[in-house]
Every structure is written in C-alpha cells, then in structure tokens.
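Me: I have a two-chain model open and would like to go through it piece by piece. Can you take my questions as they come?
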Amino acid sequence: MGDKTDVWQGTLALMILKTLETMGPQHGYGLARRIEQTSGDLLQLNYGTLYPALLKLEQEGYVRSEWGVSDNNRKAKFYELTKAGQKQIRRATADWEQTTEILSRFLTPAEEA
Amino acid sequence: MSSFTASMRAFLIRLGRSVRSRRDASAFDEELAAHVAMHMEAGVAAGLSESEARRQALLKLGGAEQVRQAQRERAGLLWLENLLQDLRYGARTLRRAPGFAMTAIATVGLGIGACTAIFSLVNAVLIRSLPYGDPERLVYLFTPNPNLKIPAEVLCPGYGDYFDIRRENHSFASMSNLVQTRFSLDERGMVQKIGSARVDEDFFPTLEARPELGRAIGADDVQAGHEKVAVISHALWVSMFGGRPDVLQKSLTLDHANYRVIGVMAAEFEYPFGSDLPYGDSQIKSTQIWVPLVLTAAQRVEREPDNNVTIARLRPGVTVRTAQSEMAGIMARLVKQYPGDPKSEVGPMRQQWGALVKKFTDMSLGPVRPLLRLLVAAVVLVLLIACGNAANLLLARAAERARELGLRTALGAGRGRMVRQLLTESLLIGAAGCAVGIVLAYLFLRLLPRLDPGNIPRLNEASLDWRVLLVAVGAALFTSLFAGLLPAWRASRLELTEFLKAHGAQSGSSGHSRVQSGLIVAQTAMVVVLLAAAGLLIRSYVKVVSVDTGFSQSTVTFSVSLDDRYKKPEQQVAFFQQVTARLNALPGVIAAGAVNYLPLSNSESITLMHMDGSGSNINFEQAEARYVTPKYFEAMGIPLLAGRYLTDDDYSRKAGVTLINKRVADIYFLNRNPIGARISTDREADGWKDFNTVVGVVGDVRHMSLEEEAQPQMYYGNYQMNGAYVAVRATLPPAAIANEIRSTLKGIDAQLATTDIRTMGDWVSLASARRRFQTSLLTAFAGIALVLALVGLYGLMAFSVNRRTREVGIRMALGAERRDVLLLVMRNAGGLVGAGLVAGLACVWIVTRVMRSFLFGVSEHDPMTVAAVCVLMIVCGLMAALVPARRAASIEPMQALRTE
C-alpha cells in the first residue's frame with residue numbers, strides 16, 4: 001500500500017498513549033508530528049483530530065494535562081501518561097497483537113497441515 | 001481501572017460538563033493558538049513565508065472551527081445539552097403563556113388522575129395477589145338442584161357425599177369444609193359478635209396459608225373433646241392481645257366456653273370475607289377466629305346439604321371443566337347409590353342434586369369485574385378527551401408560533417430539532433400533569449372509604465403502589481406523545497417558501513385547521529357516550545331507590561342472637577316476649593315486633609309448601625318462610641290487604657294460622673278468596689301434615705334485593721327463635737330509639753350483644769350501595785369529561801376568533817352587524833357540537849348494549865336519557881362558545897384593521 005491512509009479509528013488512542021510512553025510528557029503539536037514521523041509518513045493525519053482524542057483519554061483517566069513551557073519558550077498544554085494509561089497500553093497492545101495474529105493466520109498461507 | 005470504569009468516568013465527566021451551563025472554551029482556544037503558533041514557527045524555520053506557514057498549519061489542523069466543534073462535542077454530551085436547552089426553552093415559553101400552560105396541565109392532570117385512581121382500584125381488587133397460595137386453582141364445589149328456586153351457588157355437597165367425592169376424585173389436590181359462625185367474644189365483660197368459621201384440618205393446607213405464629217388446626221383438633229382451640233387473626237391478636245408473643249398461652253371466651261389460642265394468621269388472611277361468599281352469612285364481613293369443625297358419626301354420612309362451604313384446590317393442569325365433569329359423574333352415581341329419605345323435606349329431590357365447580361376468583365370477583373371494566377372504559381375515554389384537549393391547545397400554540405417556527409427554520413434549525421423542541425414542551429406538560437394526576441388519585445383514595453359499597457373485595461386496600469405509579473407515568477407519556485406529535489408533525493411540514501410568501505398569515509376560513517375541528521368532534525362524541533352511560537345509570541339508580549320496598553324506611557331495627565344459655569324453647573319464647581313487650585311499652589313506640597329473617601339483610605330461609613286441595617306437590621312449590629311476633633307488620637309498616645294480622649291469641653292457642661303475601665295470593669288464588677285456605681310446609685312420609693289456615697294477606701316485601709320482584713312469602717306466629725331482628729316503629733328520632741333499645745336489652749340480659757342497629761332506610765341504602773358507587777363514579781367521570789370538552793371547545797373558539805380579528809374587522813367595515821358576527825362564531829361552534837353529537841349518539845346506540853346488565857327499569861336506548869344528553873350537550877356547547885362569540889362581536893373594526 002503506497003497511499004497514505006486515514007487513521008483507523010481507535011488505533012489513534014493507542015498511538016497517542018504509546019508515543020507518550022516513549023517520549024514522556026508532550027504537547028499536542030509535538031505528539032502529532034511524532035505520530036506522523038513514526039508512521040513513516042504513511043498516515044494522513046489531521047492534527048485537529050488529536051485534540052478530541054486527547055480529551056477522551058483524559059476523561060477516561062489514561063492521561064492528564066498541565067500547562068507548561070515548550071522548548072522555544074511558548075506556553076503549551078502538556079499531556080502525560082497516568083498509571084491507568086500504562087495499564088491500558090498493556091491491555092490494548094495485547095488485544096491488538098491478538099487481533100493481528102488471528103488476522104495473519106488468514107492472510108498468510110498455512111504452513112502446517 | 002478496567003475499560004468499563006474508564007468509560008463510566010468519561011461519561012460522568014461529560015455529564016457534569018453538560019449540566020453546568022458554563023463553558024470553558026477559552027482554555028482550548030489558547031491551546032489551539034499555541035499549536036498553530038508552533039506549527040508556524042516550524043514552517044518559517046523551513047523557509048516558508050509567515051502567511052504560507054500559517055495557511056499550511058491551519059490546513060494540516062483541518063480547520064480551527066471544525067476542531068473546536070469536535071472538541072465541544074467530546075467535552076460534553078451533545079444530546080443532553082440539546083435536551084436541557086429544550087427543557088429550559090420549553091419551561092420559559094410555558095412560563096410566558098401561563099394561561100395555556102395551566103389549562104393544559106389541569107386538563108392532562110384530570111385525565112391522568114382519573115386513570116390512576118381507577119387503576120389503583122383495579123390493582124387492589126383484580127391484580128394484587130391474594131394470600132391464598134395460587135388463587136387461580138382454588139374452586140368451590142356446589143350441588144345445585146333444579147327443584148329449588150335458589151341460586152346454584154348456595155348449597156355445597158352434604159358431608160356424606162363430600163367424603164365420597166374426596167375419596168374418589170382425581171381432580172383435586174385437597175378439599176376442605178368450613179361453616180361460618182358468629183361467636184360472642186367476651187372481652188373483660190364486653191360482649192361482641194365476631195365473624196368466625198369452624199374449619200376442618202384440611203382448611204389451611206387447601207388455602208396454602210400458614211400461621212405467622214403457632215400452628216394451624218390439625219387432624220387431632222377436629223376430634224370430639226379436643227376442639228376447644230382457636231386460631232385467631234392478626235387484627236384480633238393486635239387488638240386483644242397487644243400483639244404479644246405470649247398469646248399462645250392465652251385463651252378466649254367464645255359463647256361462654258374457653259378456647260385455647262394455638263395460632264395467629266398473617267395480617268391479610270381473614271378468609272372468608274363477606275365478599276368471598278355471596279350467599280354466606282351477611283353479617284360476617286371478615287373472619288377473625290377459626291375453630292375446629294367437629295362432625296358426629298351421623299353427620300359424616302348425612303347426604304342432605306348442610307350449611308357447610310366446600311372449597312378445593314385443583315391439581316396442577318386440571319381445568320375447572322374437567323373437575324366439573326368428574327364431580328358430576330361421582331354425584332350421579334352417589335344419588336343412585338344412596339336414595340333420598342322420602343320422609344325428609346328434600347329427600348324426594350335427591351335424584352336431582354347436581355355438581356357445579358366454580359372458580360374461587362369468579363365467585364368473589366365475578367360481579368365486580370364488569371363494573372371495573374366499565375370504570376376503566378370510562379377513564380380511558382376521559383384520558384382520550386384530555387389528550388385531545390392537550391393536542392388542541394398545542395396545535396393552537398403552534399399556529400400562534402408559526403412565525404417563530406418559520407423564522408427558526410429559515411435560520412437553519414433542523415426539522416428533527418424542531419420536532420424535538422415541540423415534543424419536549426408537551427413532555428413538560430405531561431410531567432406536570434402526571435404530578436397533578438397523582439395528587440388527584442391520592443385525594444380520591446382518601447375519599448374512597450366514604451364511597452366503599454362494602455361488597456367489593458379488598459377495595460379498602462387500594463393504594464398508590466409502584467404499579468399504579470407506573471400506570472400514571474405511562475398515561476402521562478401517552479398523553480404527551482399523542483398531544484405533542486400532532487403539532488410537531490404539522491410544524492415539521494411547514495413549507496418555508498410558503499411561510500415566507502404568506503408572511504405567517506393563516507389560511508382557511510374558520511381560522512382553525514381541520515385537525516383541530518376533528519379533535520373537538522371526537523371529544524364531543526366521547527363525552528356524549530359518557531353522558532349517556534352516566535344518564536342511564538342515574539335513571540336506573542333513581543328507579544331502584546324509589547321502588548316500593550313494601551316496608552317503612554323509618555323503622556329502626558336491630559339484631560340480637562341468643563347464646564347457649566337459652567337452649568330451651570321456652571327460654572327463647574320468654575326472651576322475645578319480654579323484649580317485644582318492653583319495647584312496645586316504651587313511650588313514643590308505636591309498634592315493635594321480631595322476625596327471624598329481615599328484608600335486605602342478606603339472609604334467607606326457603607320452605608317447600610303445599611296448598612290443600614291442589615293435588616300432589618310435583619313442582620316443589622316454594623315460599624320464603626318467616627317467624628314473626630304479633631306487632632311485626634305494624635312495626636315494619638307492611639300493609640294488611642285482606643283478613644287480619646296475627647294476634648296474641650293465635651300464639652297462645654297455637655292456632656295453626658298463617659299469613660301470605662300478595663304474590664302467593666296472586667299466583668295460587670287468582671279470583672279466589674285465599675282467606676280460609678289451608679297450606680302445609682311440613683312434609684312427612686305419608687303426605688303433607690300440619691296444615692295452617694290463611695287468616696290474612698299482607699303486602700309484598702322485597703327481601704333479597706331491591707331489584708328483584710318480591711317472592712312468595714309466608715309468615716307464622718312464633719316467639720321461639722335463637723336469634724332475630726327486632727323492628728321498632730316510633731315517633732322518636734332513630735338515635736333516641738337506638739338508646740332506648742340498648743338500655744332495654746341491657747335491662748333484660750347485659751351479656752347479649754345487640755348489633756346492626758339501623759333504620760330500614762339504612763338497609764335500603766346498603767342494598768343500593770354498589771349501584772350508588774358505580775353511578776357516582778361514572779357521573780363524576782362524565783362531568784369531568786364534559787368540562788374538559790367544553791374547555792377544549794372554548795379554547796378553539798377563542799383561538800379562531802383571535803385569528804380572525806382582521807377578517808371580522810373587514811366584515812364589519814363592509815356592513816356586517818354585530819349579531820351576524822356573533823352568529824358566525826356560534827354557527828361554527830354549533831356545527832362542531834352537532835357533528836360530535838351525531839357521532840356520539842351513533843356510538844351510544846352500539847356501546848350502551850354492553851351496559852344492559854347495569855341497568856334497572858330503563859332500556860339501553862332510553863329516549864329520555866338521550867334527549868337529556870342532547871340538550872345538555874347543546875346548551876353547554878353554546879355557552880362555551882358564547883364568550884368568544886361575544887368577544888368577536890365586540891371587535892372594533894378600525895382597530896382590527898390596524899393590527900397586522
């Protein structure tokens with residue numbers, strides 16, 4: 001698939017959480033850039049969609065936010081992973097791995113049998 | 001934290017966000033600004049111009065406003081915010097039109113209140129479970145006999161037959177006998193009569209009722225010598241023993257004998273209630289004491305019906321019909337195997353004893369079900385009328401607000417959003433109406449004890465439980481949707497271009513829509529049906545209470561029953577001689593006399609009789625037989641039509657004389673003089689004995705019911721009774737007589753209780769109580785319906801006059817008289833009422849047929865009722881239209897033309 005693809009609904013939340021886990025506290029813009037880079041520019045990401053997703057995660061208690069100062073001295077809101085968020089990453093990762101594993105059995109030709 | 005609690009957390013945060021109207025959007029604006037600024041800096045650093053960097057940043061963001069909107073939607077619960085906004089807006093608009101709001105709420109409240117009140121009755125009487133295991137499997141067993149002209153549900157199998165049926169049947173899981181009795185309960189010198197029952201050991205198991213304290217009556221208790229034990233009701237336990245647990249060591253004095261208390265039943269168990277046994281002891285309203293039923297060896301093989309009541313529980317899966325045919329088979333064999341004793345009174349009719357299995361619930365609720373159905377139908381009509389009213393009010397409002405609605409549509413309000421807004425308003429009205437309705441139902445239940453006719457089972461237990469409240473809420477929802485959907489649907493069809501062209505002006509010549517007219521016509525039709533039903537019941541009631549009962553209603557009566565100190569006949573004779581003599585000697589007393597079965601007191605004795613010289617008695621001729629003391633007829637005001645009354649001389653000589661009523665004379669002595677004829681009621685093996693000579697004919701007396709013609713009646717002079725009603729006719733007021741009666745009785749025997757001191761008028765009132773109940777309720781509902789419909793008509797006329805102000809102004813400017821304008825409106829209203837009347841009468845023609853069983857002395861198409869309904873409807877309708885019509889007539893043309 002050479003085309004850039006829309007962010008699959010639901011995976012965005014895991015991407016955000018995972019990015020926060022590796023990068024530590026980050027503001028919205030930084031998160032958006034990082035997600036785009038990590039995807040190898042395969043993702044067509046509207047940066048705006050990040051904010052409702054962040055709000056949802058905050059309401060669910062997986063992230064918390066705080067006003068802080070960015071690298072170039074700009075006031076920005078920083079998002080940070082919570083304990084619950086870390087647990088959620090483990091849970092969602094396991095789910096996701098299971099899903100891809102199941103799917104891969106269908107997609108790759110059977111070796112045994 | 002599981003993902004469920006995480007979602008809940010998010011939901012609660014959004015909920016809190018939505019309920020607080022304050023928005024903190026500025027924080028997000030700031031965050032967004034920082035985002036764009038950072039993105040721009042990166043762009044500029046990469047060599048873009050500032051404006052190009054900004055453009056790309058915004059492009060990448062996906063539009064600032066869209067992001068803000070998405071953020072807002074995520075922050076709170078959009079639907080809830082919309083709902084709250086609608087509610088706030090609805091409440092505000094209702095507050096701004098208080099007249100409309102109050103009328104709508106009152107209308108809906110009345111409808112819901114009527115529904116809730118009647119449903120609380122239905123709930124208590126028909127729906128709430130009885131404290132008898134599964135009542136649907138309980139049945140009574142009767143043996144009707146076609147030779148006896150009495151209802152089929154009076155006699156139960158004789159004990160001999162009972163035990164055979166019990167042994168042979170496969171239909172019943174268990175069977176039991178009970179005998180109603182009234183004990184004199186001596187409580188620290190105070191003697192009172194208590195409804196009681198002698199029951200066998202299967203009684204409590206059959207009803208699946210267990211005592212809350214102690215034990216029930218068992219097999220050992222029904223053995224002779226062990227029977228002095230009693231199970232008491234919860235109410236008696238509380239009133240007599242203060243609810244203390246040591247009651248099981250106490251005893252009761254019943255008819256001067258000591259009974260040990262062995263058990264206390266649960267609070268609601270007081271079976272049999274008066275309403276459970278239509279032909280039971282009418283003086284027993286509920287049962288407070290159960291004692292063992294002890295049968296002698298002779299009784300156990302007796303095949304003639306006694307005064308027992310047989311109740312049984314069907315095996316699971318056995319239908320009443322199966323049980324009935326099995327019992328019929330057994331009875332058919334038993335009457336052949338054990339032929340009747342030809343010497344006994346009912347022996348010759350032994351072959352005809354049949355079998356009848358009747359459901360317990362049909363017996364106690366049978367006569368009540370149609371009444372409740374009638375009331376439910378009436379309140380449903382009231383609710384529909386209220387719905388129609390509310391719908392019409394909302395339609396009028398929507399029309400008045402057409403401009404506002406049009407404008408909002410023009411400004412981009414979605415159709416769904418508009419419908420929701422209008423529905424919210426009607427739901428607000430429904431909610432307020434629901435509250436009003438529940439209050440009204442509560443007031444009705446407070447009033448209910450005064451309306452209680454006393455023969456509707458468990459009526460006094462009616463209350464607002466969760467089922468009733470659920471019905472109230474359901475009725476409110478129904479009303480809101482019915483009333484709200486119509487205007488909402490119309491508003492949603494509003495054509496924007498048309499609205500703009502017409503500039504909000506209405507079309508149509510009458511000023512209101514066809515839907516509005518249709519609602520008024522339908523309401524009027526329903527009111528006509530209700531009025532006709534109420535009218536028919538009122539006419540029936542008037543006929544019932546004005547029937548010639550055959551006795552004087554001012555006569556004061558009381559009941560006295562002798563206990564076992566008066567075993568000897570001469571003691572009983574002496575007692576009643578003394579009572580009547582002393583009462584007759586009282587100043588102001590015109591006459592006092594005793595009778596063993598008082599009219600309308602729901603007790604009866606029927607005897608077989610034989611006219612001398614009429615050949616053998618094949619048809620088992622029957623008469624209601626009475627023992628009376630000499631002055632009974634004068635005391636009751638029963639007129640003498642021929643011959644003479646009984647005299648003291650007849651009693652002392654044992655003359656063998658009798659009095660007959662007019663009915664007997666009419667049937668057996670057509671064109672003959674009955675005086676001197678000889679009648680026997682004593683059948684022996686070799687024929688009729690003890691003929692009595694007819695010395696007089698007295699007037700007919702309605703005995704069992706006000707609504708049934710008097711039966712053949714015979715009176716014998718006899719002081720020997722173990723209990724009697726005494727009738728006293730006096731020039732004193734009833735209360736004074738009652739006091740005299742009490743002190744006289746106390747002077748003779750202080751241990752005897754006098755009960756039921758009331759006038760014959762009170763007995764008539766009791767006998768017509770259910771009719772009064774149904775009539776007053778239905779009349780009240782018809783009245784409410786009429787008022788609602790008139791409010792609706794008035795509202796519609798006022799509304800259209802308002803809308804036609806300009807048109808009326810033009811008409812008047814062009815020379816129309818005020819009278820023409822008045823007539824214009826009245827004609828409009830008259831047309832609607834007339835159409836409703838015609839439709840209503842058509843319905844009446846069909847519907848009142850189902851009311852036939854409720855009517856007495858009037859046909860279901862009674863022309864007088866129909867005429868009265870028509871007049872009432874037309875007069876009220878025109879009166880409701882008169883106010884708006886006069887307003888229309890008083891319009892000043894110049895002013896009217898200047899408006900708009």
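Me: How many residues of chain B are in contact with chain A, and how many of chain A with chain B?
Reply: This is a predicted model, so read what follows in that light. In it, 24 residues of chain B are in contact with 22 residues of chain A.

Me: Which elements of chain B give two or more residues to the side that touches chain A?
Reply: They are helix H1 (3-19), helix H2 (26-45), helix H3 (50-61) and helix H4 (64-75) of chain B.

Me: Which of them gives the most?
Reply: H2(B) does, with seven residues.

Me: And how does that side of chain B divide by class?
Reply: There are eleven nonpolar, seven polar and six charged residues on the side of chain B that touches chain A.

Me: Over to chain A. How many helices and strands does it have, and in what pattern?
Reply: Chain A has four helices and five strands. Along the sequence they follow the pattern β-α-β-α-β-α-β-β-α.

Me: What percentage of chain A is buried?
Reply: Of the 113 residues in chain A, 31% are buried. As for its contacts between residues at least 6 apart in sequence, 50% join residues at least 24 apart.

Me: What is the strand order in the open sheet of chain A?
Reply: The order is E2-E5-E4, three strands with antiparallel pairing. Strand E2 (26-27) and strand E4 (63-69) of chain A are the edge strands, each pairing on one side only.

Me: How many bridges join E2(A) to E5(A)?
Reply: Two bridges join E2(A) to strand E5 (residues 75-81) of chain A, and the two strands run antiparallel. Within that pair, Gln26(A) stands opposite Tyr79(A).

Me: Back to chain B. What domains does it have?
Reply: The domain assignment gives domain 1 (3-76), domain 2 (144-354), domain 3 (368-545 + 769-898) and domain 4 (564-750) of chain B.

Me: How far apart are the centres of domain 2 and domain 4 of chain B?
Reply: Their C-alpha centres lie 31 Å apart. Ten residues of domain 2 of chain B are in contact with twelve residues of domain 4 of chain B. On the domain 2 side, the residues that touch domain 4 divide into three nonpolar, three polar and four charged.

Me: I was looking at strand E21 of chain B. Why is it described as largely enclosed?
Reply: Five of the seven residues of strand E21 (residues 692-698) of chain B are buried, so the strand is largely enclosed by the rest of the structure.

Me: Which strand pairs with E21(B) over three bridges?
Reply: Strand E16 (residues 640-643) of chain B does, in the antiparallel sense. There, Gly643(B) has Gly696(B) in E21(B) as its bridge partner.

Me: And E17(B), parallel or antiparallel to E21(B)?
Reply: Parallel: strand E17 (residues 657-661) of chain B is joined to E21(B) by five bridges. Ile660(B) stands opposite Val697(B) in E21(B).

Me: What about E18(B)?
Reply: Strand E18 (residues 678-680) of chain B runs antiparallel to E21(B), with two bridges between them. Ile679(B) stands opposite Asn692(B) in E21(B).

Me: Switching to helix H28 of chain B. What length does it reach?
Reply: Helix H28 (residues 863-889) of chain B has 27 residues and reaches 37 Å from its first C-alpha to its last, close to the 39 Å expected at 1.5 Å a residue.

Me: Where does H28(B) bend?
Reply: H28(B) bends by about 35° at Leu882(B), and Pro884(B) follows within four residues. Pro884(B) is also one of the buried residues of H28(B), which include Thr865(B), Val869(B) and Met873(B).

Me: What covers the buried residues of H28(B)?
Reply: The cover includes helix H18 (514-545), helix H25 (769-803), helix H26 (805-813) and helix H27 (818-847) of chain B.

Me: Two single residues to finish. Why does Ala431(B) count as partly exposed?
Reply: Ala431(B) has 17 C-beta neighbours inside 10 Å, and a residue needs 20 or more to be buried and 12 or fewer to be exposed, so it falls in between. Ala431(B) lies in helix H15 (residues 415-451) of chain B. Val473(B) is 42 residues from Ala431(B) in sequence and 8.0 Å from it in space, C-alpha to C-alpha.

Me: And Ser765(B), which helix is it in?
Reply: Ser765(B) lies in helix H24 (residues 760-767) of chain B. With 15 other C-beta atoms within 10 Å, Ser765(B) is partly exposed. Ser765(B) and Pro453(B) are 312 residues apart along the chain, and their C-alpha atoms are separated by 9.5 Å.

Notes: Residues are numbered from 1 along each chain as its sequence is written. Chains are lettered from A and ligands numbered from 1 in the order in which they are written. This is a predicted model: local features need pLDDT of at least 70, side-chain atom pairs count only at pLDDT 80 or more; totals for chains, interfaces and linings use all residues. Two residues are in contact if their C-beta atoms, placed from the backbone, lie within 7 Å. Ala, Val, Leu, Ile, Met, Phe, Trp, Tyr, Cys and Pro count as nonpolar, Asp, Glu, Lys and Arg as charged, and the others, Gly among them, as polar. The expected span of a helix is 1.5 Å times one less than its number of residues. The bend at a residue is the angle between axes fitted to the seven residues ending there and the seven starting there. Two strands pair if DSSP finds at least two bridges between them. Domain bounds come from an automatic or database domain assignment.
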